[in-house]
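Here is my note on the structure, point by point. Please keep the model open as you read.

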Amino acid sequence: MTPAPHPYDALLLFSFGGPEGPDDVVPFLENVTRGRGIPKERLKEVGQHYFLFGGVSPINDQNRALLDALRKDFAEHGLDLPVYWGNRNWAPYLTDTLREMVADGRRRILVLATSAYASYSGCRQYRENIADALATLQAEGLEVPRVDKLRHYFNHPGFVQPMVDGVVASLAELPEDVRDHAHLAFTTHSIPTASADTSGPVEGHGDGGAYVRQHLEVARLVADAVRERTGVEHPWQLVYQSRSGAPHIPWLEPDICDHLEERHAAGVPAVVMAPIGFVSDHMEVLYDLDTEATARAGELGLPVRRSATVGADPRFAAAIRDLVVERSAVERGQDVTPCALGALGPSHQVCPVGCCPARVAKPAAAGADSPYA
């Protein structure tokens with residue numbers, strides 16, 4: 001049976017964006033940090049991270065690869081849905097892409113955000129960006145399309161299974177004499193504890209909220225699957241990386257480098273760092289894990305490996321197709337059984353009132369999927 005995307009007529013891959021040359025780094029970081037109160041010292045520090053890699057973030061090429069994977073998967077499975085791409089902080093900018101989509105006659109758009117978990121920065125801010133872009137189109141006199149964001153996919157098998165493969169492969173790369181006693185450090189982006197506590201629906205707010213709860217669930221799912229595959233139960237912990245806020249504001253801890261020091265002091269012989277909070281190997285993975293954390297482990301004499309993110313894995317592309325077909329059926333009023341692993345079950349299709357509250361309340365824009373309720 002051919003999957004039906006109706007009533008949707010396009011999918012938009014919506015991502016963070018990144019510089020594609022040395023001259024892009026400063027203006028890109030200015031886009032990222034506008035209104036966020038990030039210290040200038042941190043801005044200069046992060047800029048140097050990009051210059052270590054020629055001023056180029058890998059995220060745009062990784063999104064191009066994901067676009068190719070999605071288009072290939074859709075074509076092979078008869079899903080007639082064009083795929084576009086827009087970014088929050090760099091070209092192709094979201095508003096420009098939505099303008100192009102309107103010119104192409106697209107009126108019902110699904111959005112895939114390259115963030116799998118609930119949080120203000122990982123979900124609601126993307127919806128705010130969409131609403132702002134639609135307001136711009138409306139002010140220009142263009143016909144405003146309806147835009148709906150796909151649900152969180154953190155526990156979809158197509159997201160989890162590639163990460164299991166990555167951890168198993170990384171364990172196999174460790175010296176045999178330390179492999180079976182290696183520790184698994186599941187990493188994600190640190191966020192302010194206040195943002196974590198209010199992530200997800202209101203009834204789950206407090207003590208890390210949905211953000212921490214969802215990551216712990218994925219870490220458990222991956223660790224359990226690794227045990228089943230290898231026959232070895234590896235101890236694990238959820239840790240954090242890439243803090244960027246003012247030092248007086250509490251953020252989620254422990255930091256990956258601190259964690260490596262603590263594990264080494266406790267006699268752990270090796271660590272696999274598994275970046276479960278990231279869809280692709282972009283700059284925060286390449287620098288904070290492959291460069292900084294790996295260097296710290298080298299100073300300690302602690303063998304480490306870093307497992308792969310899902311990137312453009314065909315199983316992830318298939319998972320997105322599954323989410324598209326699922327949401328399309330929901331919009332047509334059909335009964336669906338959403339696919340999800342673990343105890344948390346599938347996420348909501350539309351973010352409920354009070355979910356991941358905005359820093360400053362704003363009115364909704366026409367065509368947005370309940371962005372500020």
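1. Which residue lies over the face of Tyr-126? Arg-88 does, at 3.9 Å from the ring centre. Keep in mind throughout that this is a predicted model. A second charge sits over a ring elsewhere: the charged end of Arg-108 is placed over Tyr-8, 5.0 Å from the centre of the ring.

2. Next, the sheet. Four strands form an open sheet. Their order is β2-β1-β3-β4, and the pairing is parallel. The edges are β2 (83-87) and β4 (146-149), each of which pairs on one side only. On average, neighbouring strands of the sheet are turned by 30° against each other, direction ignored. As background, strands of a sheet pair through backbone hydrogen bonds, in either a parallel or an antiparallel way.

3. Look at one strand pair in detail. β1 and β2 are joined in the parallel sense over five bridges. Ser-15 stands opposite Asn-87, which belongs to β2.

4. A helix also lies across this sheet. It is α12 (residues 314-331), and it crosses β1, β3 and β4. Relative to β3, helix α12 runs at about 140°.

5. Now the aromatic rings. The count of aromatic pairs comes to 11. One of them joins Phe-16 and Phe-28: the ring centres are 6.2 Å apart and the planes stand at 80°. Planes over 60 degrees apart count as edge-to-face, so this pair is edge-to-face. Phe-16 sits in the loop between β1 (10-15) and α1 (25-33), while Phe-28 is in helix α1. The pair therefore ties together parts that are 12 residues apart in sequence.

6. Are these two rings buried or exposed? Phe-16 is partly exposed, with a relative accessible area of 27%. Phe-28 is buried, at 1%. The cut-off for buried is under 20%.

7. Another aromatic pair is Tyr-117 with Phe-159. The ring centres lie 6.4 Å apart and the planes are at 75°, so Tyr-117 and Phe-159 are edge-to-face too. This pair links distant parts of the chain, 42 residues apart. Tyr-117 is in the loop between β3 (108-113) and α5 (120-139), and Phe-159 is in helix α6 (residues 157-173). Both Tyr-117 and Phe-159 are buried.

8. Rings can also join into a group. Ring pairs link Phe-16, Phe-28, Tyr-50, Trp-90 and Tyr-93 into a cluster.

9. Asn-60 deserves a look. It is found in helix α3 (residues 59-76). Asn-60 is buried, with a relative accessible area of 0%. What does Asn-60 contact, leaving aside its neighbours within four places in sequence? The list is Gly-17, Gly-18, Glu-20, Trp-85, Asn-87, Trp-90 and Ala-91. Two of these names have come up already: Asn-87 stands opposite Ser-15, and Trp-90 is part of the ring cluster.

10. Helix α3 also holds charged pairs. Asp-61 forms a salt bridge with Arg-64, with the closest N and O atoms 2.7 Å apart. Asp-61 and Arg-64 are three residues apart in helix α3, so about one helical turn separates them. Arg-64 is partly exposed, at 31% relative accessibility. Further along, the side chains of Glu-76 and Lys-72 meet in a salt bridge, at 2.7 Å from N to O. Glu-76 and Lys-72 both lie in helix α3, four residues apart, which is about one turn of the helix. Glu-76 and Lys-72 are both exposed.

11. How many salt bridges are there in the count? It comes to 26. One of the salt bridges joins Glu-261 and Arg-296, with the closest N and O atoms 2.6 Å apart. The pair links distant parts of the chain: Glu-261 is in helix α10 (residues 256-265) and Arg-296 in helix α11 (residues 283-300), 35 residues apart. Glu-261 is partly exposed at 32% relative accessibility, and Arg-296 is partly exposed at 23%.

12. Last, a network. Salt bridges that share partners join Arg-108, Arg-146, Asp-148, Arg-327 and Glu-331. Arg-108 also appeared in the first point, with its charged end over the ring of Tyr-8.

Definitions and conventions: Residues are numbered from 1 along each chain as its sequence is written. This is a predicted model: local features need pLDDT of at least 70, side-chain atom pairs count only at pLDDT 80 or more; totals for chains, interfaces and linings use all residues. Side-chain values use heavy atoms; hydrogens and water are left out. Rings of Phe, Tyr and Trp (its six-membered ring) pair if their centres lie within 6.5 Å; planes under 30 degrees apart count as stacked, over 60 as edge-to-face and the rest as tilted. Helices (H or I, at least four residues) and strands (E, at least two) are DSSP runs, numbered from the N terminus. Buried means under 20% relative accessible area, exposed over 50%, partly exposed in between (1.4 Å probe, protein chains only). A charge sits over a ring if NZ of Lys or CZ of Arg is within 6 Å of the ring centre and within 35 degrees of the ring normal. Two strands pair if DSSP finds at least two bridges between them. Axes are lines fitted to C-alpha atoms, for helices over the stretch in contact, and angles run from 0 to 180 degrees between N-to-C directions. Contact means heavy atoms within 4.5 Å. A salt bridge is a side-chain nitrogen of Lys or Arg within 4 Å of a carboxyl oxygen of Asp or Glu.
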